[in-house]
Amino acid sequence: MDLEEAFQVVGEFGSHQKRMITVLVFLQIYMACQSMLIILVGAVPEYHIEPVTEGVDGDVTQSVKFTEDVNSIVTEWYLVKHQAYKVNLAGSLFFAGVLIGNVLFGPLSDKIGRKPVFLTGLFFEVLFGYCTALAPSYEAFAMSRLLVGVMNGGMALVCFVLTQEYVGKSYWAMTGTLTNMTFAVGISLFAALGYYVRTWRNLATAANCPGLLLFLLCVTLPESPRWLYSRGHSEKAEDILQDFALRNGKGRIVVKLRRASSSPNSSSPGVFQLVTHPVLRWRTVVLMYVWYACSLVYYGLTLSASEDKGNRYFSVAMYGLVELPAYPLCMYFINKQWAGRRKSMANFLAFAGISCLLTMVVPVSGSLLSATSLALVGKLMVSAAFNIVYVYTSELYPTVIRNAGLGVCSMSCRVGGILAPFVPSMKSLHTSMPFMVFCLSGISAGCLGLLLPETLNKPAAETLDELHSPSYQRILEPQVRLLEEKHLTDHNEDDSD
């Protein structure tokens with residue numbers, strides 16, 4: 001039997017798999033706390049500058065007086081005025097670390113296995129998380145955030161993949177959506193934690209402690225049977241699947257998998273195929289910009305919550321809770337023939353941009369239709385688009401190069417995350433400047449997304465050769481087919497020359 005048939009026999013989403021997915025899904029709460037830590041730990045309270053006369057010579061110096069009862073890295077290390085950029089820098093260093101982690105650990109998990117890379121990343125993320133709480137200086141704090149980001153990037157993508165590879169293919173969309181929903185809940189729980197734990201060092205410690213417990217639970221997780229099978233370790237995959245059947249209450253079932261054509265030393269198309277292949281090159285360029293825009297708008301709107309007037313903790317919680325309706329909303333639209341993946345993603349991005357545009361012409365607060373409420377609508381829309389783009393990207397790449405495609409798009413996503421902390425600070429240029437950036441990013445990404453082919457109810461390509469086949473080209477929309485045929489023709493002409 002093949003792998004999908006084996007999952008149907010042992011249980012696609014049995015009780016044992018539900019327990020494993022529960023652990024991985026709860027891990028999203030920990031990752032949300034680490035990703036959003038700088039929002040509360042780097043909170044900037046109200047302050048004013050007072051002249052102080054010192055010494056017999058009457059030298060006048062300036063002293064910073066904080067008028068708000070807030071304990072953060074800003075108040076401890078006086079990160080104001082010309083030092084204020086260091087708060088945003090710490091947030092950007094985290095996302096720069098995530099980018100490095102994607103580059104280093106992504107290919108490594110394909111080569112040596114999901115479990116060792118996942119556990120190593122989680123262990124050191126927890127370790128460096130405690131270093132953040134104990135940092136004696138800003139420099140040590142910033143370095144710890146970079147290292148936490150590296151480990152987070154190495155672990156988070158593998159965690160998402162494991163939620164897919166432990167279950168049958170028909171449950172992939174559900175587990176992926178559940179993962180993203182829990183991340184949104186984690187943002188709100190972090191805001192609640194910050195409300196009760198006001199000292200930034202204690203908050204960093206409390207936010208990091210669940211990671212230690214989850215690490216101990218994750219040690220018991222098995223290796224991905226799909227990875228073992230793809231690497232030619234069919235006997236080990238059979239043992240794990242038989243254990244799934246036993247724990248799912250199916251009894252002792254003998255699983256005999258059809259031997260995979262690949263071997264542990266077999267090679268697969270490399271990342272350079274994304275550049276050299278004419279169809280994949282075009283898709284990758286468009287998807288990279290869409291991922292970048294999703295990340296910039298998503299994290300930019302979330303990080304700007306700390307700058308909203310009023311209750312800082314309530315604002316952060318709302319920016320997390322507002323995502324929850326987005327997930328059932330996008331799951332409804334992407335499975336409708338008249339909407340599908342492409343149009344749903346493009347429209348959600350466009351509406352996110354329009355919501356940000358409208359914030360510039362309405363009052364900041366004081367009414368139902370305010371800049372804050374429109375920003376929340378923008379966050380809801382971009383959250384739906386972000387969820388769709390994960391599913392859509394997996395379906396656009398052939399199986400043999402899917403991991404490489406997702407890795408490159410994830411790298412582009414982290415660039416948006418690196419820039420996001422600095423966008424809210426553009427208010428110093430003009431109050432509407434951040435939302436203008438989010439508006440242009442969302443609308444332009446939505447328009448570019450319309451150039452991609454629809455994948456709803458369409459067979460996924462398994463190999464690169466299938467992208468050239470007439471049967472695959474016939475399922476594309478006419479305008480997309482003409483565009484991709486043009487890229488293929490130009491590529492063939494270049495080869496003939």
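Modeller: Contact here means heavy atoms within 4.5 Å. This is a predicted model.

Colleague: Fine. Which residues is Gly378 in contact with, leaving aside its neighbours within four places in sequence?

Modeller: Leu301, Ala352 and Ser355 are the contacts of Gly378 once those neighbours are left aside.

Colleague: Where is Gly378 found, and how far is its C-alpha from that of Leu301?

Modeller: Gly378 lies in helix H17, which covers residues 371-396. Its C-alpha and that of Leu301 are 8.1 Å apart, although the two positions lie 77 residues apart along the chain count.

Colleague: Is Gly378 buried or exposed?

Modeller: Buried, because its relative accessible area is 0%, and the cut-off for buried is under 20%.

Colleague: Ala352 and Ser355 next. Which residues of H16 are buried?

Modeller: Both Ala352 and Ser355 are among the buried residues of H16. Others there include Gly340, Arg341, Arg342, Phe348, Leu349 and Cys356.

Colleague: What does H16 span from end to end?

Modeller: Helix H16 runs over residues 340-358, 19 residues in total. From first C-alpha to last it reaches 27 Å, close to the 27 Å expected at 1.5 Å a residue.

Colleague: You mentioned Cys356. How many disulfides does the structure hold?

Modeller: Zero. For Cys356 the nearest cysteine sulfur is that of Cys439, at 7.0 Å. A disulfide needs the sulfur atoms within 2.5 Å, so Cys356 is in none.

Colleague: And what is the nearest cysteine sulfur to Cys294?

Modeller: That of Cys413, 7.8 Å away, and Cys294 is in no disulfide either. Cys294 counts as buried because its relative accessibility is 0%. Cys356 is buried too, with a relative accessible area of 0%.

Colleague: Changing topic. At what angle do H5 and H6 pack?

Modeller: About 140 degrees, with the axes 7 Å apart. H5 is therefore oblique to H6, since roughly antiparallel starts over 145 degrees.

Colleague: Which residues make that contact?

Modeller: H5 (residues 85-112) contributes Phe105, Leu108, Ser109, Asp110 and Ile112. From H6 (residues 114-133) come Arg114, Pro116 and Val117.

Colleague: How many of them are nonpolar, polar and charged?

Modeller: Five are nonpolar, one is polar and two are charged.

Colleague: Last one, H2. How many of its residues are buried?

Modeller: 16 of the 21, so H2 is mostly covered. Helix H2 takes in residues 15-35 and reaches 31 Å from its first C-alpha to its last, close to the expected 30 Å.

Terms used
Residues are numbered from 1 along each chain as its sequence is written. This is a predicted model: local features need pLDDT of at least 70, side-chain atom pairs count only at pLDDT 80 or more; totals for chains, interfaces and linings use all residues. Side-chain values use heavy atoms; hydrogens and water are left out. Helices (H or I, at least four residues) and strands (E, at least two) are DSSP runs, numbered from the N terminus. Buried means under 20% relative accessible area, exposed over 50%, partly exposed in between (1.4 Å probe, protein chains only). Axes are lines fitted to C-alpha atoms, for helices over the stretch in contact, and angles run from 0 to 180 degrees between N-to-C directions. Angles under 35 degrees count as roughly parallel, over 145 as roughly antiparallel, 65 to 115 as roughly perpendicular and the rest as oblique. Ala, Val, Leu, Ile, Met, Phe, Trp, Tyr, Cys and Pro count as nonpolar, Asp, Glu, Lys and Arg as charged, and the others, Gly among them, as polar. The expected span of a helix is 1.5 Å times one less than its number of residues.
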